[in-house]
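Student: I should like to learn how the features of a structural model are read. May we work through one case together?

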Amino acid sequence: MSWIAWALLVSVIPLGTPRYFADSGFRWPLKQSTASYLLVAVLGLAGLAAAIGDHLPAASSIPHELVVVASVAAATLGGGPVTETVFRLAAFKRAAGDDASDDVEPSPLRGGMWIGLLERAAIASTLWASWPEGLAVVLAVKGLGRFSELKQHAAAEQFILGTFVSVLWACAAVGVGRIISL
């Protein structure tokens with residue numbers, strides 16, 4: 001069962017990656033929200049498969065280092081599409097079922113994609129290093145860096161929502177990785 005969990009965790013990486021190459025003309029065949037729901041489902045199934053696994057001797061043949069790298073990559077790359085979908089759901093500006101285009105209103109916070117990538121990578125890395133205090137450091141640096149922009153209501157709302165989703169995704173990816181490597 002750990003091999004199934006491992007395969008599911010690794011499959012999060014290519015599912016989340018196409019979003020970051022949108023400017024290159026690459027078009028992902030799935031809608032943004034469909035890909036996000038799929039990412040959440042696959043990560044959940046990986047955690048479930050790892051949790052109910054029988055911890056067979058064959059499961060221990062997955063090198064711990066590969067599990068760490070895969071979970072950090074899944075945390076880093078998978079969180080962006082999920083965060084954007086939560087932004088769309090929170091905005092309530094689309095009619096039900098209207099997800100045909102991927103147009104997003106301009107964000108009051110610039111550089112969010114890159115900050116989110118770095119934030120999730122740093123959170124996953126600090127958790128794997130058994131240094132949960134690093135999570136506080138990452139969030140403090142992010143908050144201080146955005147402090148002047150948070151006077152706008154829309155920016156503050158986006159900052160809080162995006163940070164929560166991003167942190168929860170990174171923690172979930174590391175949690176699945178830890179269960180796999182038991």
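The dialogue below takes up the elements, two helix packings, a salt bridge, a loop residue and a buried residue.

Student: What should be known about the model and its numbering before reading begins?

Tutor: This is a predicted model, in which local features need pLDDT of at least 70 and side-chain atom pairs count only at pLDDT 80 or more, while totals for chains, interfaces and linings use all residues. Residues are numbered from 1 along each chain as its sequence is written, and side-chain values use heavy atoms, with hydrogens and water left out.

Student: How many helices and strands are there in the chain?

Tutor: Helices (H or I, at least four residues) and strands (E, at least two) are DSSP runs, numbered from the N terminus. The chain has six helices and zero strands, so that its order from the N terminus is α-α-α-α-α-α.

Student: What share of the residues counts as buried?

Tutor: Relative accessible area decides this: under 20% is buried, over 50% exposed, and in between partly exposed (1.4 Å probe, protein chains only). Of the 182 residues of the chain, 38% are buried.

Student: At what angle do α1 and α3 pack?

Tutor: Axes are lines fitted to C-alpha atoms, for helices over the stretch in contact, and angles run from 0 to 180 degrees between N-to-C directions. Helix α1 (residues 2-16) meets helix α3 (residues 64-91) at about 40°, with the axes 8 Å apart. The two are therefore oblique to each other; under 35 degrees would count as roughly parallel, over 145 as roughly antiparallel, and 65 to 115 as roughly perpendicular, the rest being oblique.

Student: Which residues make that contact?

Tutor: Contact means heavy atoms within 4.5 Å. On α1 the participants include W6, L9 and I13, and on α3 they include L66, A74 and P81. The residues of this contact divide into 12 nonpolar, three polar and no charged. Here Ala, Val, Leu, Ile, Met, Phe, Trp, Tyr, Cys and Pro count as nonpolar, Asp, Glu, Lys and Arg as charged, and the others, Gly among them, as polar.

Student: How do α4 and α5 cross?

Tutor: Their axes come within 8 Å and cross at roughly 160°, which makes α4 roughly antiparallel to α5. Among the contact residues are E119 and I123 of α4, and V138 and K142 of α5. This contact comprises six nonpolar, three polar and three charged residues.

Student: Where is a salt bridge found?

Tutor: A salt bridge is a side-chain nitrogen of Lys or Arg within 4 Å of a carboxyl oxygen of Asp or Glu. A search of the whole structure yields one: E119 pairs with K142, whose closest N and O atoms are 2.9 Å apart. E119 lies in α4 (residues 112-128) and K142 in α5 (residues 133-146), so the pair ties together parts 23 residues apart in sequence.

Student: Are E119 and K142 buried or exposed?

Tutor: E119 is buried, with a relative accessible area of 4%, and K142 also counts as buried, at 15%.

Student: What is notable in the backbone of S130?

Tutor: Most residues other than glycine have a negative phi. S130 has a positive phi, near 55°; this residue is in the loop between α4 and α5 and is exposed, at 56% relative accessible area.

Student: Which residues does A173 contact beyond its neighbours within four places in sequence?

Tutor: They are L9, L43, S71, A74 and A75. A173 lies in helix α6 (residues 153-180) and is buried, with a relative accessible area of 0%.
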